[in-house]
Amino acid sequence: VVNGKSKSRTNDDLLQKTAQEMRTAMICLCPAGDSPTSLRLFESLATGCVPVVMSDRLHMAHVLPFPNLINWDEIAFFTESLSDISSCASGILELSSVLNRTMGPEAEGDEMSRLREIRRKGQLMFHEYFSYFWNPRGVADGVLFETFELMRHLNILAE
């Protein structure tokens with residue numbers, strides 16, 4: 001019990017607050033987690049928050065799902081890893097400055113319009129390929145398509 005509330009109730013409150021914050025945020029930082037594509041990436045897309053993936057883009061090209069169906073550069077931003085950013089004395093300040101100019105109070109109308117379009121596309125991709133509630137066949141269709149493309153690339157299937 002914490003402050004008169006059960007732990008599960010405290011966790012539920014925290015989850016609700018986090019979800020609300022993500023739905024109103026323009027961007028969500030997505031540092032690497034316990035897997036190459038952390039859950040934060042998909043939570044960001046689901047809530048209409050533009051993911052800022054904090055991992056090397058070249059590495060991520062090999063681990064992001066459905067690379068033939070989803071143009072990840074159209075629905076997310078990529079930076080260096082959090083450890084690389086924080087190892088440089090000015091890394092966090094530089095990241096903050098770039099985010100402020102492109103997405104924060106200093107952003108111009110064109111940038112905000114672009115950001116809204118990225119949010120829209122990201123949420124659309126989530127609904128189409130990752131949300132069982134919006135499209136129960138989305139993940140299965142994506143896996144089948146990617147398998148077909150891989151087999152074609154490996155010349156297992158004729159064109």
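A salt bridge, as I shall use the term, is a side-chain nitrogen of Lys or Arg within 4 Å of a carboxyl oxygen of Asp or Glu. Helices, for their part, are DSSP runs of at least four residues, numbered from the N terminus. Good morning, colleagues; please keep in mind that what we are looking at is a predicted model.

Let us begin with helix α6. Arg114 and Glu111 both belong to helix α6, and they sit three residues apart, about one turn of the helix. These two side chains form a salt bridge, with their closest N and O atoms 3.7 Å apart. Arg114 is partly exposed, at a relative accessible area of 45%, and Glu111 is also partly exposed, at 27%.

A second pair has a similar arrangement in another helix. Glu149 and Arg152 form a salt bridge in which the closest N and O atoms are 3.0 Å apart. Both residues lie in helix α7, which covers residues 138-153, and being three residues apart they are separated by about one helical turn. Here Glu149 is buried, with a relative accessible area of 17%, because buried means under 20%. Arg152, at 27%, is partly exposed.

How many salt bridges does the structure hold? The number is six. One of them joins Lys121 to Glu74, with the closest N and O atoms 3.6 Å apart. Lys121 lies in helix α6, while Glu74 lies in the loop between α3 and β3, so this pair ties together parts that are 47 residues apart in sequence. Lys121 has a relative accessible area of 26% and is partly exposed; Glu74, at 38%, is partly exposed as well.

I now turn to a charged residue without such a partner. Arg119 is placed in helix α6, which runs over residues 109-129. Is Arg119 buried or exposed, and which side chain of opposite charge is nearest? Arg119 is buried and has no salt bridge; the nearest side chain of opposite charge is Glu117, 11 Å away. A salt bridge requires the two atoms to be within 4 Å, so a distance of 11 Å does not qualify. Leaving aside residues up to four places away in sequence, Arg119 touches Arg23, Ala25, Met26, Gly48 and Val50.

One of those contacts, Gly48, leads us to helix α2. Gly48 comes just after α2 and takes a positive phi of about 80°. Helix α2 itself spans residues 39-47, and its buried residues are Leu41, Phe42, Ser44, Leu45 and Thr47.

Finally, we come to the cysteines. A disulfide is a covalent bond between the sulfur atoms of two cysteines. The structure holds one disulfide, formed by Cys28 and Cys49, whose sulfur atoms are 2.1 Å apart. Cys28 lies in strand β1, residues 27-31, and Cys49 lies in the loop between α2 and β2, so the bond ties together parts that are 21 residues apart in sequence. The torsion about the S-S bond is about 110°, and the disulfide is therefore right-handed. Both Cys28 and Cys49 are buried.

What of Cys30? Cys30 is in no disulfide, and the nearest cysteine sulfur, that of Cys28, is 6.4 Å away. A disulfide needs its sulfur atoms within 2.5 Å, so that distance does not qualify. Cys30 is buried, at 3% relative accessibility.

Thank you for your attention.

Definitions and conventions:
Residues numbered from 1 in each chain as written. Predicted model: local features only at pLDDT ≥ 70, side-chain atom pairs only at ≥ 80, totals over all residues. Heavy atoms only, no water. Helix = DSSP H or I, 4+ residues; strand = E, 2+ residues; numbered from the N terminus. Buried < 20%, exposed > 50% of the residue type's maximum accessible area, 1.4 Å probe, protein only. Lys, Arg positive; Asp, Glu negative; His and termini not counted. Contact = heavy atoms within 4.5 Å.
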